[in-house]
Amino acid sequence: MSDIEVIRNQLTLHTDFPKKGVNFLDIFPIFRDPGVFEILINHLVDHITSVTLPKTPNNKIDVVVGLDARGFLIGPIVALKLGAAFVPVRKRGKLPGKCVSASYEKEYAPDIFEMQVEAIKPGQNAIVLDDVIATGGSAKAAGDLVTQLGGTVIEYVFMIEIPSLDGAARLNAPLYSMIQIEKK
């Protein structure tokens with residue numbers, strides 16, 4: 001069985017969550033099985049080291065940016081394996097110190113993301129990482145924060161993409177998704 005099939009078999013769809021009309025893809029069963037979780041991390045790191053790194057000017061990723069909140073679960077581990085820093089992007093008011101902000105519209109609500117100003121230095125290469133890309137609003141906002149601080153998004157990396165929502169069209173760098181699932 002391929003990495004993608006192993007991961008896909010762990011996903012659970014919840015209808016009408018977090019509100020009526022929204023379908024929520026639950027990734028948490030992946031974390032209950034250490035072997036499956038390791039497959040996920042190794043797959044993402046392998047993609048980044050074999051496909052993404054050769055496209056960078058210095059063959060290095062400086063920062064992995066993880067989105068609130070599920071990007072926090074895989075981002076630090078991927079960053080550690082790449083020898084990169086991990087930088088969280090959080091909803092407004094959740095980070096201490098001076099922050100930059102970017103607004104975005106998700107499938108079911110508007111919101112604002114923030115990043116600490118000292119998190120990324122000018123010229124650093126970043127990967128934006130999250131579990132799912134749907135409309136691309138939150139990923140675009142995270143990319144905007146990287147750009148505001150002088151960094152460059154090399155790639156957006158996701159476990160899951162919903163291609164019919166065309167989130168990739170909103171992004172300023174290539175997108176990699178391990179699994180593509182159509183919206184139901």
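Here are some notes on the packing, aromatic pairs and charged residues of this predicted model.

1. A good place to start is the largest nonpolar core, which has 34 residues. Within this core, Ile 30, Leu 40, Val 78 and Ile 160 touch the most other members. Two or more residues each come from helix H1 (3-8), helix H3 (34-52), helix H4 (71-82), strand S7 (125-133), S8 and strand S9 (175-180). H3 gives the largest share, seven residues. A second, separate core holds 26 residues, among them Val 100, Ile 133, Ala 141 and Val 146. In soluble globular proteins, nonpolar side chains tend to be buried together.

2. Ile 30 is worth a closer look. This residue sits in helix H2, which covers residues 28-31. Ile 30 counts as buried because its relative accessibility is 0%, and the cut-off for buried is under 20%. Setting aside neighbours within four places in sequence, Ile 30 is in contact with Ile 7, Gln 10, Leu 11, Val 36, Phe 37, Leu 40 and Met 159. For a sense of scale, the C-alpha atoms of Ile 30 and Ala 85 are 24 Å apart, with their positions 55 residues apart in sequence.

3. On to the aromatic residues: the whole structure has five aromatic pairs. One of them joins Phe 17 and Phe 24 edge-to-face, with 5.1 Å from centre to centre and 80° between the planes. Phe 17 is partly exposed at 43% relative accessible area, whereas Phe 24 is buried at 19%. The rings of Tyr 104 and Phe 113 have centres 4.5 Å apart and planes at 35°, so this pair is tilted. Both Tyr 104 and Phe 113 are buried. You may also like the cluster in which ring pairs link Phe 28, Phe 31 and Phe 37.

4. Glu 155 deserves a comment too. This residue lies in strand S8 (residues 152-161). Glu 155 is buried yet has no salt bridge. The nearest side chain of opposite charge is that of Lys 55, 5.2 Å away, so this pair falls outside the 4 Å cut-off for a salt bridge. What does the side chain of Glu 155 make polar contacts with? Its partners include the side chain of His 47, at 3.1 Å, and the side chain of Thr 52, at 2.3 Å. Not counting residues up to four places away in sequence, Glu 155 touches His 47, Thr 52, Ala 126, Ile 127, Val 128, Ala 173, Pro 174, Leu 175 and Tyr 176.

5. Turning to charge pairs, a search of the whole structure finds five salt bridges. In one of these, Lys 60 meets Asp 62, and their closest N and O atoms are 3.1 Å apart. Lys 60 is partly exposed, with a relative accessible area of 38%, while Asp 62 counts as buried at 14%.

6. Two further salt bridges link distant parts of the chain. Arg 90 and Asp 68 meet at 3.3 Å, N to O. Arg 90 belongs to strand S4 (residues 85-91), and Asp 68 to the loop between strand S3 (63-67) and H4, 22 residues apart. Arg 90 counts as partly exposed at 25% relative accessibility, whereas Asp 68 is buried at 18%. In the other bridge, the closest N and O atoms of Asp 131 and Arg 70 are 2.5 Å apart. Asp 131 is in strand S7 and Arg 70 in the loop between S3 and H4, 61 residues apart. Asp 131 and Arg 70 are both buried.

Terms used. Residues are numbered from 1 along each chain as its sequence is written. This is a predicted model: local features need pLDDT of at least 70, side-chain atom pairs count only at pLDDT 80 or more; totals for chains, interfaces and linings use all residues. Side-chain values use heavy atoms; hydrogens and water are left out. Helices (H or I, at least four residues) and strands (E, at least two) are DSSP runs, numbered from the N terminus. Buried means under 20% relative accessible area, exposed over 50%, partly exposed in between (1.4 Å probe, protein chains only). Contact means heavy atoms within 4.5 Å. Rings of Phe, Tyr and Trp (its six-membered ring) pair if their centres lie within 6.5 Å; planes under 30 degrees apart count as stacked, over 60 as edge-to-face and the rest as tilted. Lys and Arg count as positive and Asp and Glu as negative; His and the chain ends are not counted. A polar contact is a pair of N or O atoms within 3.5 Å; within protein, one must be able to donate a hydrogen and the other to accept it, and residues adjacent in sequence count only if both atoms are side-chain atoms. A nonpolar core is a set of buried Ala, Val, Leu, Ile, Met, Phe, Trp, Tyr and Cys residues joined through side-chain atoms within 4.5 Å.
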